[in-house]
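Please open the model in your viewer and keep the sequence panel beside it. The tour below proposes one selection after another and says what is found at each stop.

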Amino acid sequence: MIVEVENVTRQFGEKRALNRISLTIPKGTVLGLVGENGAGKTTLIKHLMGLLKPDQGTVRVFGKDPVVDPVGVLGQIGYLSEEDILPGWMRLHELIRYSRGFYPSWDADYAEALRRDFGIEKGARIRELSKGQRARAGLIVALAHRPELLLLDEPSSGLDPIVRRDILGAIIRTIADDGRTVLFSSHLLAEVEQVCDRVAMIRQGELLFCDDLESIQRSYGWITVRYPEVQPTPPLLEGAVSWNGDGREWSVLVHGLPGAVEAETTLRGAAIVDRRWATLDEIFVGLSTELVGR
Amino acid sequence: MQIHLSPSDGVPIYLQIVNQVRLQLAAGRLTEGDELPAIRTLAERLLINPNTVVRAYRELEALGIVEKRRTNGTFISAAGSPLALAEKRRLLAERADALLAEAHQMSFPLEELIVLIRERALETVEVAS
Amino acid sequence: MNPALATGWYFWRRTRGTTYGLLGAIALLALLNRLPSSPLQQNLVMSGALLTGMGLLSLIVAFTYQESNPTKADVMAGGSAFPVSMLVLPVRTRDLVLWPVGYAAIAQLGIWIPFAKFVLVPQGFAVDLVWPGLAMVAFTTSVQASSWAKFPVPVGNLIWALGGLGVVTGLSIVTGLGVFSKPVGYGAFLLFIGVNVATSLWGLQRARVGVDVWRMGGRRVREVVEKPPFRSGFRSQLWLEVRRNGSFLPGFVVLACITMGLITIFGRPDLPGELGSTGIEIPGGRMIFLVCVPLAVMFSSAMGTSPCKVDNFTPSFGLQPFFASRPLSTATLAAAKLVSGAISSLVTSLLLATAVGFWSLSPAQFGGVTTTVAAALGSYLGSRVLPLSLFAFALLFLSVWKVAVAISCSEITGRRWIGGSFVFFVGALIVALPILWLYFHQDPQWIKFLLRQAPGVFGALLVLKLVVCVLGLFVARKGEAAIWRFCIWALGGWALGVGLLTAVLGALLPPGVLNSGQLLGGSVLFIPLNRVLWTPSAMAWNRHR
């Protein structure tokens, strides 16, 4: 186990940012972390790096507590965030030289190859670069020492598709190389579907699920139900998460075994006329609006 | 081998790969002995998790469509031709099921459907010649 | 509400707190001035005036850099640093310029005039009511013009800023000396202010419309000199700390020395005009101004423009994630900060020593302090000149380092209330100490009383130092192992320093001046221990929130 989070609770004043979250990430997995803005994804990632201490519960990365042993933990982590955290006044070659001092496993040739691929000049100041180039510079620093764990906190937000491809490509190459572990938090759920083995969803500090992507995809689906009479309000169905439609035909996003749903619909005299897979995006939106109301 | 992934229809990616390989086999674009791309190559090209490619290849192997050889590659198996035929039947059967279901919903009688198919076939031949 | 008014309020809202505070302080001091004159009242008012003056300086900095961080401008393109979000508002360019200039002018003059009239003049300083305020406004508008306008020449904004500084200094000296008559002096300042405002209007319009700048043959790509890689994380972090804030303290001292030099040259009582009367009659002469350096740094750090942050103009105190996520133990991060502070202090001490040496040769001679000190030591110096000077330099270096490390504590803990209360404490000390000095040197009974208490106070300070040290060790034990090791090393280094200092003092001082117990006690208090010991724990408190 690379990451073990056990019953972690963290409060900021009145707000409970994380509520008894337990999560494990085995070696070689790509875990996608999804959730609304402010759900607690960044808070969780900061706990993994020791930037925040849990009020209750324990966090272990590589079997060590990141607060007690920052060197052992951070030395094998590559971190990329959506915020502009690189110092603006530094030039790229200075940034590389500075970062190199911290990691004995730094591969200078690999860093240079990335720099050339990304097309960033050595003498360019960070603040003179465009947003996409800055993200790429951050990617070089995160990848060049071939970290055991890659932590990506919404790295693609606000970036053009080409930079996003670079980031995804970097993730794929990282896992292909000796099965390193990746934690990837993103709003672009299509990317999460492409790249992740497991998906964890956080809503308002609670962990809704943490499961293999395939199990999740198999347990949700859209079915179109045709009722004999017009239904003015969305009709009730066991395991329904989200509704769409009006009159006699309704599309339902259901969670659970398809057999159970079929049984129930026939009970009411309705017929299932269509079935299709649900994308992760639709599942996420459905679950997020479930309690808020439609 | 050209694979196009559709991100927005919810079908799991490994299934999309499996389906497209079967389609290409049925269409004759893939034949016996053709090599499928290496796992890592395909993963990097499509920007997907290599495990997904592994899963897809395993599924294809279970179906008997591909086999692994000693040279560490994945190839369309020798049982390709009869499988190709089976694939063709399967795919067309799926299409036929969809057509029949629609006709049933519209309350279109089966005999008229068969007449319709014959008419369309004749027209296509005329246009082609 | 029309957009122009809204824009004006936007510029005003950030500095209104400080402005009201300063006006309140001036009102308080003016009331104090009404009391019958006595040395106590004088000292109270002067200390308050010093603090108010410091606040006024901070306010000038705030006005000047309020909407424009000159370091962010694209210098090579003569570029404008005005925030783009304001350029797209539905207001005319003249609103964007005149509101901030207007508010700054009114606030600065509005603070200076009552300050001069009700606080300084009653105390006997014959300062003019108008031209220093105009000088402040001129300085602010010139820096604003240099950073808002888009100049057609590369580095144009830098040239304008430096030129502006020169003009303001020159006009101030000339008007203060009375070379021109008052109206001419005022007129010259107003003219300069007008030129700056016009430049701002013209330049901001160009920036808004996106006028292309003429580049001198295209930007040259500078050749990158590849330096050898750092051998450890500590060296990397040390390089970063020195690059980031190493130049702040020396730069500040250079500015202070230049100011001091000007005051020394022109502040002679025999010179005509107001500048001649600004000599402050405190023993030690104008050396007191050197104390202002760390004080001003502390004030600006409490205001959020600490020298130790990544970006001087964002008031955030937390450790930036980039630095908190370095794979270094907090002890190493703290060590890098302390060593970089030491390098900075060394450079500063060299500058100070050079400046003092330079001035001791000048005719002004610090109001005679240097000659008296030299006379007192003269008989004693003889062959001991070299070790004594080296020793004095070492003491200077240690003192500067102690102050520098103490100042950065407000940033290290990352809690604004700590930095604020630290500044408050020092401010209170500034007000209280002169009053105590008054009682000291006027009442022989008090002197005897205090001399009798001296060993007690001494002992109390020693005990306090010991208690804080033990507390620090307890806290360190609970943190990372590396922090504990760091503290042990700090303790060892401190013990070594104490031993060295005691031995050297014992050797250099004439026998019988102080007994060995007092020497030891003094060394124990002087060599910094807790500052060093607590730094990693304080940083850990910030890093792991």
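**First stop: a bridge in chain A**

Begin by selecting A:Glu6 together with A:Thr58, the residue of E4(A) that is its bridge partner. This is a predicted model, in which local features need pLDDT of at least 70 and side-chain atom pairs count only at pLDDT 80 or more, while totals for chains, interfaces and linings use all residues. Residues are numbered from 1 along each chain as its sequence is written, and chains are lettered from A and ligands numbered from 1 in the order in which they are written.

Now widen the selection to strand E1 (residues 3-12) of chain A and to E4(A), which pair in the antiparallel sense over five bridges. Strands here are DSSP runs of E with at least two residues, helices are runs of H or I with at least four, and both are numbered from the N terminus; two strands pair if DSSP finds at least two bridges between them.

**The sheet and its helix**

Adding E2 of chain A completes an open sheet of three strands, ordered E2-E1-E4 with antiparallel pairing. Its edge strands, each pairing on one side only, are strand E2 (15-25) and strand E4 (56-61) of chain A. On average, and with direction ignored, neighbouring strands of this sheet are turned by 25° against each other.

Next select helix H1 (residues 41-48) of chain A, which lies across E1, E2 and E4 of chain A and runs at about 60° to E2(A). Such angles run from 0 to 180 degrees between N-to-C directions, the axes being lines fitted to C-alpha atoms, for helices over the stretch in contact; two residues are in contact if their C-beta atoms, placed from the backbone, lie within 7 Å.

**Where chain A touches chain B**

Turn to the contact that takes 20 residues from chain A and 15 residues from chain B. On the chain A side, the elements that give two or more residues are helix H6 (161-176), helix H7 (189-195), helix H8 (213-219) and strand E13 (271-277), and H6(A) gives the most, with seven residues.

**Within chain B**

Colour chain B by its domains, domain 1 (13-81) and domain 2 (92-128), whose bounds come from an automatic or database domain assignment. The C-alpha centres of these two domains of chain B lie 33 Å apart.

**Where chain C touches chain A**

Finally, show the contact that takes 28 residues from chain C and 25 residues from chain A. On the chain C side, helix H9 (233-245) and helix H12 (321-324) each supply at least two residues, and H9(C) gives the most, with five residues.
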